[in-house]
Amino acid sequence: MSWEDNVRRVIPYVPGEQPKDKVIKLNTNENPYPPSVKVRNILREYDIDELRLYPDVNGGELREGLAKLHGLRPEQVFVGVGSDDVLAMAFMTFFNSKKPILFPDITYSFYDVWADLFKIPYKMVPLNDEFRIVKEDYYEENGGVVIPNPNAPTGVEKSASDLEDIIKANKDSVVIIDEAYVDFGATSLVTLVKKYDNLLVVQTFSKSRAMAGVRIGMAFGSDKLIKYLNDVKFSFNSYTMNRLAVAVGKAMLDDTDYFKNIVGKVVATRERTKVELSRLGFSFPDSKANFIFATHRTVPAEDIFLAAREAGIYVRYFKKPRIDNYLRITIGTDDEMEALIRFLKSYLAEIGELN
Ligand SMILES: *Cc1c(COP(=O)(O)O)cnc(C)c1O
């Protein structure tokens, strides 16, 4: 017997690489544009004396701003250290049944990691051959449901009405909709939290709001859901949101024009990139996110992944069943995407696969 027999052993989530060298980074779905200049101004003028004091336990003006944005009350909003923090808290709080929770087999690869960590039984529900969620598959008994919309890493959106059917069919469990990418063209379910007390909608500042480095995530739900979430959070770590994060988050939230501008640019670049990739022999499910999940007609994804990496262009490759011939390509600036297309053309030409 050794102390090691009692260690809680886990296989951790593996994030995309953060290379130190200057590369074209299309592997972790960050926004290619900087946050609003209003964020810079906040940092420049920040009164550091405030840093002596503990922050507001609820995220202060950031939570209030988020509530206002969506026509909710602050009691229906929860903020955390990135949506990973929010989702982990939600798993811990709401998934406490002996019945398995349900999520797609191809999805955000943190869900099974949290389920294992918190010893939550789970069942991965296969997407159909077109990488689509089949709503009837979520009508069986379960201990909870978690679905990203759009899904990751496929980028496929599930219609709001289908998701609402899933929520209605699961009145006895909590349904989490992870909207990490929703701002890039999908329909948010956030207004439905007033209608269904078992719905938790989770969003993040990391992608559409260009602040992955600050770590801000949020959840919207009924007063009751948010209260239960806070009870668990306050039993774990009360002060998750630091004062600087709250201040810069609020500044970014307030600059809606800039937010719309950068999201619009990413979406326009995505649509152009779809056309270019098709011309080169790639196909992909229609993405409503800030990435494209692409497979080539003849060339294995892993070969392209390695060659691109060699050329200083990082995309994401998952060596997993069903998706090991796909690349998840984050939408960067127009210049970055042109560099990717140029690389792909010359690589495919070199190996005789450009036609
Ligand atoms: C990026 C991502 C998150 C987490 O992002 P945070 O940076 O922790 O806010 C959550 N869910 C999905 C599906 C994501 O792709």
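1. How many Å separate a polar side-chain atom of Ser206 from an oxygen atom of the ligand? In this predicted model, the separation between that polar side-chain atom of Ser206 and the ligand oxygen is 2.6 Å.

2. Two further residues make comparable points for checking in the viewer. The side chain of Thr204 places an N or O atom 2.5 Å from an oxygen atom of the ligand, and for the side chain of Arg215 the corresponding distance from an N or O atom to a ligand oxygen is 2.7 Å. Of the 390 Å² of accessible area that the ligand has on its own, the protein covers 93%.

3. The surroundings of the ligand include Thr204, Ser206 and Arg215, together with Lys207, Asp84, Asp178, Tyr108 and Tyr181; Gly82, Ser83, Leu87 and Ala180 are also among the residues around the ligand.

4. Turning to the sheet, five strands form an open arrangement in the order E1-E11-E12-E10-E9, and their pairing is mixed. Strand E1 (24-26) and strand E9 (282-283) are the edge strands, each of which pairs on one side only.

5. At the E9 edge, strand E9 runs antiparallel to strand E10 (residues 291-296) and is joined to E10 by two bridges; in one pairing to inspect, Phe282 has His296 in E10 as its bridge partner.

6. Two helices should be viewed together with this sheet. Helix H9 (residues 301-310) packs on the sheet and touches E9, E10, strand E11 (313-317) and strand E12 (327-330), with its direction at about 150° to that of E11. Helix H10 (residues 334-350) lies across E1, E9, E10, E11 and E12, and runs at about 95° to E1.

Conventions:
Residues are numbered from 1 along each chain as its sequence is written. This is a predicted model: local features need pLDDT of at least 70, side-chain atom pairs count only at pLDDT 80 or more; totals for chains, interfaces and linings use all residues. Side-chain values use heavy atoms; hydrogens and water are left out. Two strands pair if DSSP finds at least two bridges between them. Helices (H or I, at least four residues) and strands (E, at least two) are DSSP runs, numbered from the N terminus. Contact means heavy atoms within 4.5 Å. Axes are lines fitted to C-alpha atoms, for helices over the stretch in contact, and angles run from 0 to 180 degrees between N-to-C directions. A residue is near a molecule or strand if one of its heavy atoms lies within 4 Å of it. A polar contact is a pair of N or O atoms within 3.5 Å; within protein, one must be able to donate a hydrogen and the other to accept it, and residues adjacent in sequence count only if both atoms are side-chain atoms. Accessible areas come from the Shrake-Rupley method with a 1.4 Å probe; for residues, only the protein chains shown count as cover.
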